[in-house]
Amino acid sequence: MTGKITALDLGSGELSEATKAYFAKCEEKLGLVPNVLKAYAFDDKKLRAFTDMYNDLMLGESGLSKLEREMIAVAVSSINHCYYCLTAHGAAVRQLSGDPLLGEMMVMNFRAADLSPKQTAMLEFAVKLTQEPARIVEADRAALRQAGFSDRDIWDIASTAAFFNMSNRVAAAIDMRPNDEYHAMAR
């Protein structure tokens, strides 16, 4: 599969001017267009839906920091063994934290990292939601409140975990490959 972004041959759709501008902004800010965006580029409407949800969850207003949201992405992706997201979001954790070791520990086993009790509670909830969603009960939400999270924060934790569970499954189904550049970032 050398050189391919996914195992599917979906071709490339007609990109809107807004999407072209978004890709140019990615090139400017990141130095690349993430392969996940290129994978969705066969259908501008699907790409916009994906990026709108991603940008709202990961960059929008939240009681969770950008680093905490990236940590959720990595913890969920670690459970799901998502190569794409572990590579891309592991790099984001390294960049946002300034700590390459934290990025690697998050990818391998977040419980090995030196996290605050609040971060640990957040990630344990995200992992339980990933592994056993039917077993989430009020005690789980209460534990997050006890750790200092608001109900809005709990919504954001759950929404971020759910988004990455969906994204991980799509990436696995189509064998999505991360950009090579992610491997060397923030090391």
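**Entry 1: one residue**

I began with Leu123, which is buried, with a relative accessible area of 0%. I note here that the model is predicted. The cut-off for buried is under 20% relative accessible area, so Leu123 falls in that class. I then looked up where Leu123 sits and found it in helix α7, which covers residues 117–131.

Next I listed what Leu123 touches, leaving out residues up to four places away in sequence. The list reads Met71, Ile72, Ala75, Met106, Phe110 and Leu115. Of these, I placed Met71, Ile72 and Ala75 in α4, since that helix is given as 66–80.

I also checked one distance from Leu123. His183 lies 60 residues away in sequence, and the C-alpha atoms of the pair are 24 Å apart in space.

**Entry 2: the whole chain**

I went through the secondary structure and recorded nine helices and zero strands. Read along the sequence, the pattern is α-α-α-α-α-α-α-α-α. The radius of gyration is 17 Å, and the globule rule gives 16 Å for 187 residues; the two are close, so I wrote the protein down as being as compact as a globular protein of that length. For overall dimensions, I took the span of the C-alpha trace along its principal axes, about 50 × 35 × 30 Å.

I looked up burial for the chain as well: 45% of the 187 residues count as buried. The accessible surface comes to about 9,800 Å², and carbon and sulfur atoms hold 55% of that. For contacts with a separation of 6 or more, I noted that 66% join residues 24 or more positions apart.

**Entry 3: the largest pocket**

How much space lies in the largest pocket? I recorded about 850 Å³. The lining has 29 residues, and the closest to the pocket centre are Leu30, Pro34, Tyr54, Leu59 and Glu70.

I then sorted the lining by helix. At least two residues each come from α1 (17–30), α2 (35–40), α3 (44–59), α4 (66–80), α5 (83–97) and α9 (151–174). Which helix gives the largest share of the lining? I found that α5 does, with eight residues.

Sorted by class, the lining has 20 nonpolar, five polar and four charged residues. From the central group I noted Leu30 and Glu70. By the helix limits, Leu30 is in α1 and Glu70 is in α4.

Definitions and conventions. Residues are numbered from 1 along each chain as its sequence is written. This is a predicted model: local features need pLDDT of at least 70, side-chain atom pairs count only at pLDDT 80 or more; totals for chains, interfaces and linings use all residues. Side-chain values use heavy atoms; hydrogens and water are left out. On a 1 Å grid over the protein atoms alone, a cavity is a set of points where a 1.4 Å probe fits but cannot get out, and a pocket is an open set with protein on both sides within 12 Å along at least five of seven lines; lining residues have an atom within 4 Å of a point. Grid points are joined across faces, edges and corners, and a volume is the space filled by probe spheres set on the points. Helices (H or I, at least four residues) and strands (E, at least two) are DSSP runs, numbered from the N terminus. Ala, Val, Leu, Ile, Met, Phe, Trp, Tyr, Cys and Pro count as nonpolar, Asp, Glu, Lys and Arg as charged, and the others, Gly among them, as polar. The radius of gyration is taken over C-alpha atoms; the globule rule is 2.2 Å times the number of residues to the power 0.38. Buried means under 20% relative accessible area, exposed over 50%, partly exposed in between (1.4 Å probe, protein chains only). Contact means heavy atoms within 4.5 Å. Accessible areas come from the Shrake-Rupley method with a 1.4 Å probe; for residues, only the protein chains shown count as cover.
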